[in-house]
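Biologist: Hey, I've got this one open on my screen. Can you walk me through it?

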Amino acid sequence: MDEDRILTATSLKKIYGSFVAADVPELHVNKGEFFTIVGPSGSGKSTLLSMLTGTTLPSSGKVEIRGQDVTFLPPERRPTTMVFQNLALFPHMSVGQNIGFPMDVRGTDEAKKRARVMSLLELVHLPTSYYDKAIAQCSGGERQRIAIARALANDSEIIFFDEPLSAIDYRLRKTLEVELMEMHRHTGKTFVYVTHSLEEAMTMSDRLTIMKNGKIVQTGTANDIYTRPQNEFVAQFLGEINVFTVQVINRNDRKLTLSSTESGGNFTAVVPKGHEIGNTAKLVVRPENMRILRDGENCDNAIEAIVSHRLMLGSRIQYEAEAFGKRLIIEELSKVDVDSASLAVGAGDRIRVGWSSDGGILVDD
Amino acid sequence: MTDRVSHHRSILARIPVGYLFGLPVVLYLLLFFVGPLVYVIALSFMPEGLTGVSLTTTIGEGENARQVLTATSDNYERVVEAGYHRALWTSIKLATISTTILLLICYPLAYGLAKTFGKLSPILTLLFLMPLFVSETIRLYGWSLFFLKGGILNGITATLGLPFPEMMFTTPVIIVGLVNIYFPFMLFPLVDDTLVSASRDLGASRWQTFHKVELPLAKPGLVIGIMLTFVLTLGSMSESQILGGQNVLMIAHSVDFAFSWQQDWPLGAALSVLLIVIVLASMLWLLSRVDFDSLFRRL
């Protein structure tokens with residue numbers, strides 16, 4: 001077994017009747033990693049998490065921590081700590097008592113406990129004067145920090161997070177995301193995080209895994225997933241995209257010629273590997289990789305379209321257009337010196353849209 | 001005319017609306033709670049034989065006649081002399097025992113209903129609540145049929161070839177009745193599951209979780225349950241009358257007896273006042289043990 005792997009799941013399955021809630025052939029988390037499980041609701045991410053933490057028994061398969069089988073151990077007998085979605089702070093205890101709880105139940109002496117709580121308060125950016133504050137007097141963001149500090153006080157190797165930021169407003173969430181990354185770096189603990197927000201996952205994680213319908217769709221670094229999504233679902237999950245159904249008709253090393261089943265025309269794409277001649281696939285082009293072509297401008301791929309909307313998004317301008325009955329999204333940076341060709345474009349105009357061969361991603365059908 | 005109307009309005013307008021809305025309740029309480037209470041207290045200081053309150057009595061005749069204050073503490077002395085304090089003691093004892101038993105059975109029951117019985121829980125809850133729809137007296141006679149010689153218990157022991165336990169008209173049977181009747185008033189509020197999971201996850205043992213998390217959070221609810229059952233059992237009467245016969249006298253029984261059979265109203269009033277003082281004192285003591293601040297500072 002790889003030395004680096006702290007948590008592994010093998011052939012892990014949870015079945016309710018005939019419904020497969022989660023089916024994970026292999027999953028591992030490296031020591032000290034910030035690993036995120038992300039997926040829409042009903043994707044099985046919570047079921048997977050509960051099997052990893054020990055609150056749900058798997059129907060089959062194995063969970064190991066440092067090579068030790070923990071599949072049938074309850075959460076409290078695993079070297080892990082959970083930060084609950086509702087945080088589960090004890091309402092009848094002060095901030096200090098909450099954070100000191102893990103030390104309290106182990107009989108740590110008062111002075112030592114206090115010192116440790118103080119240093120944890122500092123770590124989560126809370127004033128040490130909060131020691132005696134009541135939980136009810138703390139704001140939502142403060143409670144998040146207290147819950148994390150309490151989990152850190154338990155001093156276990158792995159900390160699980162079950163969507164702790166989902167109830168927090170956008171700006172505070174961004175701040176807490178950065179702080180969480182700092183805490184992760186500072187403590188060197190292994191963080192396993194569950195969220196439905198891909199943005200959150202991409203921002204914080206070293207690696208993430210995307211789930212859908214109980215199965216893992218793709219695992220990798222944020223960059224891997226952004227640049228090489230394995231299928232349309234993953235690509236779609238990352239934001240609005242343009243998708244064309246295509247068939248590979250020619251291959252020249254890494255350069256493919258594709259025939260579009262929708263427009264009848266041909267496209268070209270550069271791909272890393274795979275995709276034999278005759279295969280059908282989806283060509284994904286992100287809005288930011290598409291641009292409006294000027295008259296007579298050449299491009300690897302070009303199609304004609306009619307603009308239906310033009311939206312000013314601040315740093316970007318988004319165009320919605322229609323081509324052969326398909327809705328296209330094109331995004332351009334709004335710069336002061338943006339060329340007048342784009343600026344003049346508005347609803348109803350006939351335009352040519354283009355993208356380069358390496359601007360499209362070919363994913364499995 | 002118009003001037004007077006507007007004048008009236010301005011007086012009414014000066015009274016805060018909340019007070020006006022509170023007025024009916026205040027009047028009701030004064031008339032039907034404070035009034036009778038004061039009357040009973042006053043009655044308890046009247047000499048034996050009086051069936052009403054008169055503050056002064058005329059002593060002597062003719063020119064020597066003078067008015068003296070009627071108040072006397074005789075009745076309270078008679079409580080002890082005639083041994084009524086024993087009934088009071090019996091009531092306190094039975095109330096304490098029944099409350100304790102209810103306390104001990106309600107936690108496992110609440111826990112079971114919430115976590116173990118699963119789909120059976122609603123049915124069981126209904127079964128527990130069902131007796132509430134049957135009159136207390138009928139339920140108590142049901143118990144007496146159960147315990148009586150030739151009753152259900154007797155039938156069971158006879159079938160099993162065991163000797164019949166003569167339990168009717170004893171203290172344990174009254175306690176069975178009290179526990180059964182006042183059962184719905186004791187509650188054990190269960191704590192949010194994730195708090196228990198969190199506590200266990202953070203290294204606390206089952207016992208530590210119970211006494212550091214579950215019990216403190218359930219305490220306010222428990223205190224209210226204790227107060228309700230204790231006050232109600234302390235003032236209960238039919239349980240001891242129906243299941244205890246004349247063997248076990250509880251204080252409420254004595255009060256009833258003094259007012260009705262003995263026609264000794266001042267004595268009945270004195271017994272009532274003692275009961276009220278004991279209830280009040282025990283409730284104040286109990287309330288002082290709970291931090292209601294923490295109750296209202298909940299998340």
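Modeller: Sure, and let me start with one residue on chain A. A:Glu179 has 10% relative accessibility, so A:Glu179 counts as buried. Buried here means under 20% relative accessible area, exposed means over 50%, and partly exposed is in between (1.4 Å probe, protein chains only).

Biologist: Before we go on, what kind of model is this?

Modeller: This is a predicted model, where local features need pLDDT of at least 70, side-chain atom pairs count only at pLDDT 80 or more, and totals for chains, interfaces and linings use all residues. Residues are numbered from 1 along each chain as its sequence is written, chains are lettered from A and ligands numbered from 1 in the order in which they are written, and side-chain values use heavy atoms, with hydrogens and water left out.

Biologist: OK, back to A:Glu179. Which residue does A:Glu179 meet in a salt bridge?

Modeller: A:Arg145, at 2.8 Å from N to O. A salt bridge is a side-chain nitrogen of Lys or Arg within 4 Å of a carboxyl oxygen of Asp or Glu. The pair links distant parts of the chain, with A:Arg145 in helix H4 (residues 140–153) and A:Glu179 in helix H5 (residues 170–187) of chain A, 34 residues apart. Helices (H or I, at least four residues) and strands (E, at least two) are DSSP runs, numbered from the N terminus.

Biologist: And is A:Arg145 buried or exposed?

Modeller: A:Arg145 counts as buried, at 12% relative accessibility.

Biologist: How many salt bridges are there over all chains?

Modeller: The structure holds 28. One of them joins A:Glu110 and A:Lys113, 3.6 Å from N to O. Those two are three residues apart in helix H3 (residues 110–123) of chain A, so about one helical turn separates them. A:Lys113 is buried, with a relative accessible area of 5%.

Biologist: What else are A:Glu110 and A:Lys113 linked to?

Modeller: They belong to a network of salt bridges with A:Asp104 and B:Lys212.

Biologist: Got another pair on chain A?

Modeller: Try A:Asp224 and A:Arg228, whose closest N and O atoms are 3.4 Å apart in a salt bridge. A:Asp224 is partly exposed at 27% relative accessibility, and A:Arg228 is partly exposed too, at 48%.

Biologist: Let's go to the interface. How many residues does the contact take from chain B and from chain A?

Modeller: Chain B gives 19 and chain A gives 25, where contact means heavy atoms within 4.5 Å. The area buried between the chains is about 1900 Å², with carbon and sulfur atoms giving 66% of that. Buried area is the accessible area (1.4 Å probe) that two parts lose on being put together, summed over both.

Biologist: How many salt bridges go across?

Modeller: The rule finds two across the interface of chain B and chain A. B:Arg200 forms a salt bridge with A:Glu76, and their closest N and O atoms are 2.9 Å apart.

Biologist: Which elements of chain B give two or more residues to that side?

Modeller: Helix H9 (193–201) and helix H10 (206–234) of chain B. H9(B) gives the most, with seven residues.

Biologist: New topic: what's the overall build of chain B?

Modeller: Chain B has 14 helices and two strands. Its radius of gyration is 26 Å, whereas a compact globule of 299 residues would be near 19 Å. That radius is taken over C-alpha atoms, and the globule rule is 2.2 Å times the number of residues to the power 0.38. The C-alpha atoms fill a box of roughly 85 × 65 × 40 Å along the principal axes, and buried residues make up 35% of the 299 residues.

Biologist: Which residues does B:Phe128 touch?

Modeller: B:Leu109 and B:Phe183, leaving out residues up to four places away in sequence. B:Phe128 is found in helix H5 (residues 121–129) of chain B and is partly exposed, with a relative accessible area of 29%.

Biologist: Last one: where do you see odd backbone angles?

Modeller: A:Ala88 has a phi near 55°, a positive value in a residue other than glycine. A:Ala88 is in the loop between strand E6 (80–83) and helix H2 (95–104) of chain A, and counts as buried at 3% relative accessibility. On chain B, B:Phe169 has a phi near 65°, also positive in a residue other than glycine. B:Phe169 sits in the loop between helix H7 (152–160) and helix H8 (171–182) of chain B, and is partly exposed at 36%.
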